[in-house]
Structures are given as structure tokens and as C-alpha cells.
Amino acid sequence: MPEPDFCQLTHQGTTRAMACNANRRLAVFTAILTACLLIHSAGVRADTFRPASFVGGVSAIEGVIKLPEFGGEHVMTVSCYGIVNPSGEMSSQYCHTPTGSGIIGDAIYKLGNKITLTPALKNDKAVTVWIPFTVTFIQKNGQRSLKIYPYHSRRDVAFEPLGSGYSAPQWLPRKHDWSRGCRTRKIVAWLSMKVTEQGIPRNVKKLKKIHPGYCASPIIRYVRNSKFIPAFAHGVP
């Protein structure tokens, strides 16, 4: 004989009737909450990314940058940034050129659209990104090596190539709103941060004092509200 439905036993007392009604309300609430969670999880989609990359990998600029002949042994490293548009062309390069590497720096500024990149993607759509890259030149025993890597090392350590398959976070530029609180449109700010797998910057901090000082807060706020293509290692963010 099947067990009697608790909600049908209201004739045994008011207490059971009240418990039955509460039980029904709880069941309805649970069903609604479950349905809402299912709808929410179905509607939220994590962003997907692909970083911009140099066609030809680390050897992409061999044969593109022409350097004059000079003797001796040389090791030069130049840290640069550039804007890569959705068609894969690079523009607006900026290089921090240390002493002794001016020849390479001058040549990099002439890259323009001579170098080809695979454009960055966000949710399968090509986007503009601001990418860091490092160029190394080694001349030793009569041999030359010119390589390009889509990442930098820390400013306080020597550059050590990781090889191919790696890329640093790439900034998704947006309209400058920091200039509202900073009465200049051109400024260099050295910042450190961590970028999550979903391209969100965390722990944004100044590495050097920002001049003028009143620009620091709006710039840091601007970066905190920015989005990035995350760092990748062999296809994995």
C-alpha cells in the first residue's frame, strides 16, 4: 500500500496543514530558483581569445629588417610595443632603446606594414590590440641571429627567450577617458599587474612615479577597467 501524501493529511491538525503549505511554497521556490540558475548559466558565455602572433614565429623579421654590416661581437635587445589592427598590420611602434642598440631600434621603426601578423581574436572576431614584443640581435663567430618574441622580460632582469608558443597579455585599447582627470594626452606610465585567463587586470600598481602626479589615479583607474587578451602558453591562456 503506497504511503499517504503528507499534504493530504490536513484533517489531523492545523500544524500539519501549515507545514504542508510551507512545504509547497518551498518546493515552488526551489523550482523557480533552479529554473533561473539554468537560464542564467545558459545565457552567460565565457569570452574566447586568440592572441596576435607573428607569421613565421620568432624568425618573422629575418629578411625584413636590413641591418648594415659591422664587425665584432654584439648582443642587443630592444623592448617594443605596437598596435596590430584587425587586418594584421602593425603600426604606431614604440621602442625603449637601451644604449648600444640604436641601429636595431631605428630599423624596427621602419617595419610598418612590412611584417605580417595573425590578428587577435575575441569571441571569434578580429580586434585591435596593443602588443609587447622584444627583438634580439646576436652577432658572434661571423653569424647573425635576429629574432622577435611577443613578450618582455621583467625590467630588472636580462631578457631570456622562452621560445615559440608564448605570448604576453595584449591590451584591447579603448577610448581614453583618463585624460578627463589628467590635463595631457601623452604620458608614459610603468605599471605592473596580473591578467586573469578572462583578460581582467588585477593588482595594478605603479613601478615608477607617474609625472605629473595628478595623472596617476585616472590612469590606474583606466587600466583597471580595461580588458586584455590573456597571456598564452602553447595555445592555453
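In what sense do strand 8 and strand 9 pair, and over how many bridges? In this predicted model, strand 8 (residues 129–140) pairs with strand 9 (residues 143–149) in the antiparallel sense, and seven bridges join them. Among the positions involved is Val-135, whose bridge partner in strand 9 is Ile-148. The two strands form a hairpin in which two residues lie between them. Asn-141, in the turn, has a positive phi of about 55°.

A further group of strands builds an open sheet. Three strands are arranged in the order 1-6-7, with antiparallel pairing. Strand 1 (49–50) and strand 7 (125–127) are the edge strands, since each pairs on one side only. Two bridges link strand 1 to strand 6 (residues 120–122) in the antiparallel sense; within this pairing, Arg-50 has Leu-121 of strand 6 as its bridge partner.

The nonpolar interior was examined next. In soluble globular proteins, nonpolar side chains tend to be buried together. The largest nonpolar core of the model holds 29 residues, and those that touch the most other members are Phe-54, Ile-108, Val-129, Ile-131, Phe-133 and Ile-148. Two or more residues of this core come from each of strand 3 (74–84), strand 4, helix 2 (102–109), strand 8 and strand 9. The greatest contribution, five residues, is made by strand 8. A second, separate core comprises six residues, including Trp-171, Tyr-222, Val-223 and Phe-228.

The surroundings of Val-129 include residues from distant parts of the sequence. When neighbours within four places in sequence are left aside, Val-129 is in contact with Ala-52, Gly-82, Ile-83, Val-84, Ala-120, Gln-170, Trp-171, Leu-172, Pro-173 and Ile-229. One of these contacts, Trp-171, is a member of the second core.

Tyr-94 lies in strand 4 (residues 90–96). With a relative accessible area of 35%, Tyr-94 is classed as partly exposed, because this value falls between the 20% limit for buried and the 50% limit for exposed residues. The C-alpha atoms of Tyr-94 and Pro-132 are separated by 9.5 Å, although the two residues are 38 residues apart along the chain.

Finally, the second largest pocket was considered. About 210 Å³ of space lies within this pocket. Its lining consists of 15 residues, and Ser-53, Pro-150, Ser-164, Gly-165 and Tyr-166 lie nearest the centre. Strand 2 (53–54) and strand 10 (166–167) each provide at least two of the lining residues. By residue type, the lining of the second largest pocket divides into eight nonpolar and seven polar residues, with no charged residues.

Note on methods
Residues are numbered from 1 along each chain as its sequence is written. This is a predicted model: local features need pLDDT of at least 70, side-chain atom pairs count only at pLDDT 80 or more; totals for chains, interfaces and linings use all residues. Side-chain values use heavy atoms; hydrogens and water are left out. Two strands pair if DSSP finds at least two bridges between them. Helices (H or I, at least four residues) and strands (E, at least two) are DSSP runs, numbered from the N terminus. On a 1 Å grid over the protein atoms alone, a cavity is a set of points where a 1.4 Å probe fits but cannot get out, and a pocket is an open set with protein on both sides within 12 Å along at least five of seven lines; lining residues have an atom within 4 Å of a point. Grid points are joined across faces, edges and corners, and a volume is the space filled by probe spheres set on the points. Ala, Val, Leu, Ile, Met, Phe, Trp, Tyr, Cys and Pro count as nonpolar, Asp, Glu, Lys and Arg as charged, and the others, Gly among them, as polar. Buried means under 20% relative accessible area, exposed over 50%, partly exposed in between (1.4 Å probe, protein chains only). A nonpolar core is a set of buried Ala, Val, Leu, Ile, Met, Phe, Trp, Tyr and Cys residues joined through side-chain atoms within 4.5 Å. Contact means heavy atoms within 4.5 Å.
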